[in-house]
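Biologist: I've got a model open and I'd like to learn how to read it. Can we go through it feature by feature?

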Amino acid sequence: MTLPSEDIASVAQLIHDHGGMSAEVFGRSFDTLGRESRSRLFATVYALSDKDFLLAIKDCVRIAADNGFFEKLLAEISANLPNQTDLRGIVPTAIVLKAEKGLHEAVFPETGGLHNIDISDVVHAVTPMIGVIRDSKRDQEYVGTCFIVGSDLIMTAAHVIWGMIDFSKDPIEEIPGATDGVQVEFWNPGGRLAPGQPRVAKLAEKWLLAASEPCGTPPANLDVTNQELATTNHDFALVRIDEKIGDKIGILDVHEPVDAQMNNTLVVIGHVGGTQCKFHSERIHEHRRRTGRLHHAVNTAPGMSGGPCLDKFARVVGIHEGTVKSTAATYNRSVHMLPIRRKIRQLDDDPLSPWSKRLRWLPAPRATEAWTSLGYPKRTSDHPILGRAEFQEWIRRAAADDNSERLALVSGDEGSGKTFTGALMRAKLTDARDIFVAIAPEVTRLATIPNLFERLAVAAGISDDDPFRSRTRPETGLLRHDLIPQGMEALDRLLTKDHGQKSRLWLFLDFGKDEGWLTGREEDWMAFLNQALQRDWMRIVVAGISMGRQAEFHAALPGAQFLENLPNLLWPDVREFIEANGGDTTGGGGFAEVEQFWEKQVEGLSARQRFSTTLRFLEVLKVVRKAP
C-alpha cells in the first residue's frame, strides 16, 4: 500500500537526520531487501535524484511501502548503523502499521490487520507451494497466483491464463505459442532456491489437463448475475509444468477436498501483482452450493486470483475468483473445490489420483537390467512396478528440503527386488537436479571408504587437479582418521552451487546378500554412514542386508529411518496394478476368480519365479506394455 506523501516525507527526514546515517549504509540495506522484489538498485535511484540523498530516501521508502518491505527496511538499516539504533522505535508506530497492512482492497471494515496465531501456522505450512505466474509478453508481467497440487501439477483460476486457452473449441485447446513467455516462479521461503532466487518452471509441452471457463469476460469483468452460468463455469485450470517441483517442496492435496461451512475461517493466500505474497483471513458468509461459490469478506488484491482458499487446518477448500462490486453488498468470491474436483474426476485419466503420484512403470531405457535378471535379455519395453508404494513415498519425503529422514534400509529374500530398488530410485529422480550414485553388489562388497569417496567426488564434479583426489588414496589397509571428515567437507564444497544452494547426493549401496557384511570393515562403514547422515544434502539407501543387520543399523545410526522388508509378491499389489492400468477384469466378484487362478499359478515359487509368472499373467489380461 502506498503511504501518503506527507508520511513518506516525515519518515525520509527521520532516516536522513539520524546519527551515523550515510548513503552507503542506506543503499546496502535497501538493496538487500529490494533484490527479492526486483526493485531498482539504490545506486540507480540515487543517480536519478541527482545525488540528492534525502530525495533518494523518499523514493526508496515509497518503493519499500509499495512492495511490502517497509518495516523490514527499517530493521535492516538499524542493523547496519554503527550504533544499531532501532529506527522502528523512532518512526511513528501509526506509520509503520499503515504501511504493513499490505495491498488489501479496502472494501471491508478495517480489522486492524490482526489474525489469530493459528492462522500463521496455516500460512507457514503452505507458502512454499504458492507460486506466481509470469508472462513476459504482457504489460503487467505477473498475472496471477497458482499452487502445487501434484509432482508437476499446478492449479490456478482459468481467467488468469485465459489468453492461452481456446474455450470456443470442444474439447478446449491450448492456443499455440501463447505460453512462449510464460513461467511459474516460487519466491517464498521453503519454495525458493535462495533469498532472491526463485524456483522456476515452464509449462510442459502438453500443459493443459483440465479447465472450466470463467464467469464473464476476463481478466476483470466477473459476471455475478448469471446464476446458470455460475453452475457450469467454475473458473479453474489444472496445468502441467516441466519440472517435478512438487517432489522437492511438497504439494497441497486436493484429491479428496473437504466441505466448506458458513462462519468457518477462510484464509486466502496469493501474490499481489508481483513477487510479494500476502494473506488475510475472515469468515465464510455464505456457501452457494448450487453454483459452487463461497462468499466471504477476506481482503484480497489484484494478482491473488488463482490462489488457494484454505480452512484453519491448511486444507484447500477453494480457489480465489474475484471481488464482487456490482451489488449493494460488496464481497469476495471463491470457487469451492468440490465441483472442481468432480470435473477433474470425469477425465479418462484422473491426474490427481493417488496412482498418478507414483511410478507404475520403469521406462524402457532403464529397464534393460531388470528384464535381463528375469531372463528377458532382449526385451525393450517398459517394466511394470508392482507394489513399492511406501518406498516411493519415502523418496518424495526425503526429497523435501531439510528432511531428517535421510536413510532407507531395504531387506528381502533373494529375487524379491532389492537390486531393482536402485533402478526405481533413478527413475523417480529423473527430473530432479540431484546427483544419484548407485554402487553395484560386486563393487560394494570390495570397495573401501577411499574408493567410495572418489566415486562420489567424481559424480559431484571433482576436477583432475583437485588436491582431495590424492588424499583419498592412503596406504593399503589404513583409513586415515581425518579422511571421512575431510571427504565430507570436499563433497560439501563440490555440491555447493550458485547462491550457496547445494545439490542433494543420493547414494544407493547394494550389498546383494548380507554374507557377514564386510567382516573386518564394519567400523569404517559405520563411521562413514554416521557422518554422512549428518549432512542435510545426503540421502542413502542400503539394500541387501538381513533383518538382523537392519536392526543394528537402526540402533547405531542417527535420525529417522525408513525400514522395508520386501515380501514375496502378494495379490493386493497385483490387483492394484491391474485396476490402475485398466485391465480386462471389471472388479467385484470377477476378481475373486482371478485371484484364485493367480494364487494357484504362483504357489510354491521363488520370488523371481513368482514375478515372472505374474508377468505372463498380466500379459494375458492385457495390462503389460508390449515391446516395440
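**Confidence, cores and rings**

Modeller: Sure, confidence comes before the rest: the chain averages a pLDDT of 83, and 86% of the residues score at least 70. pLDDT is the predictor's confidence in each residue, from 0 to 100. This is a predicted model, so local features need pLDDT of at least 70 and side-chain atom pairs count only at 80 or more, while totals for chains, interfaces and linings use all residues. Residues are numbered from 1 along each chain as its sequence is written, and side-chain values use heavy atoms, with hydrogens and water left out.

Biologist: Where in the chain is confidence lowest, and where is it highest?

Modeller: As a general idea, where pLDDT is low, don't read the predicted coordinates in detail. Here helix α16 (residues 468–471) has the lowest confidence, with a mean of 62, and strand β3 (residues 153–156) the highest, at 97. Over residues 100–112 the pLDDT is below 50, and the stretch has 34 contacts in the model beyond near neighbours in sequence. Contact means heavy atoms within 4.5 Å. Helices (H or I, at least four residues) and strands (E, at least two) are DSSP runs, numbered from the N terminus; the chain has 22 helices and 24 strands.

Biologist: How much of the chain is buried?

Modeller: Buried residues make up 51% of the 628 residues. The cut-off is under 20% relative accessible area, with exposed over 50% and partly exposed in between (1.4 Å probe, protein chains only).

Biologist: Which residues have the most contacts inside the largest nonpolar core?

Modeller: In soluble globular proteins, nonpolar side chains tend to be buried together. A nonpolar core is a set of buried Ala, Val, Leu, Ile, Met, Phe, Trp, Tyr and Cys residues joined through side-chain atoms within 4.5 Å. The largest has 50 residues, and F147, M155 and I161 have the most contacts inside it. Another core, of 41 residues, lies apart from it, with L362, F420, F508 and L621 among them.

Biologist: How many aromatic pairs are there?

Modeller: Rings of Phe, Tyr and Trp (its six-membered ring) pair if their centres lie within 6.5 Å; planes under 30 degrees apart are stacked, over 60 edge-to-face, the rest tilted. That rule gives 17 aromatic pairs. F26 and F53 form an edge-to-face one, 6.2 Å centre to centre with 80 degrees between the planes. F26 lies in helix α2 (residues 23–34) and F53 in helix α4 (residues 53–66), so the pair ties together parts 27 residues apart in sequence. Both F26 and F53 are buried, and they form one aromatic cluster with F30, F42 and Y46.
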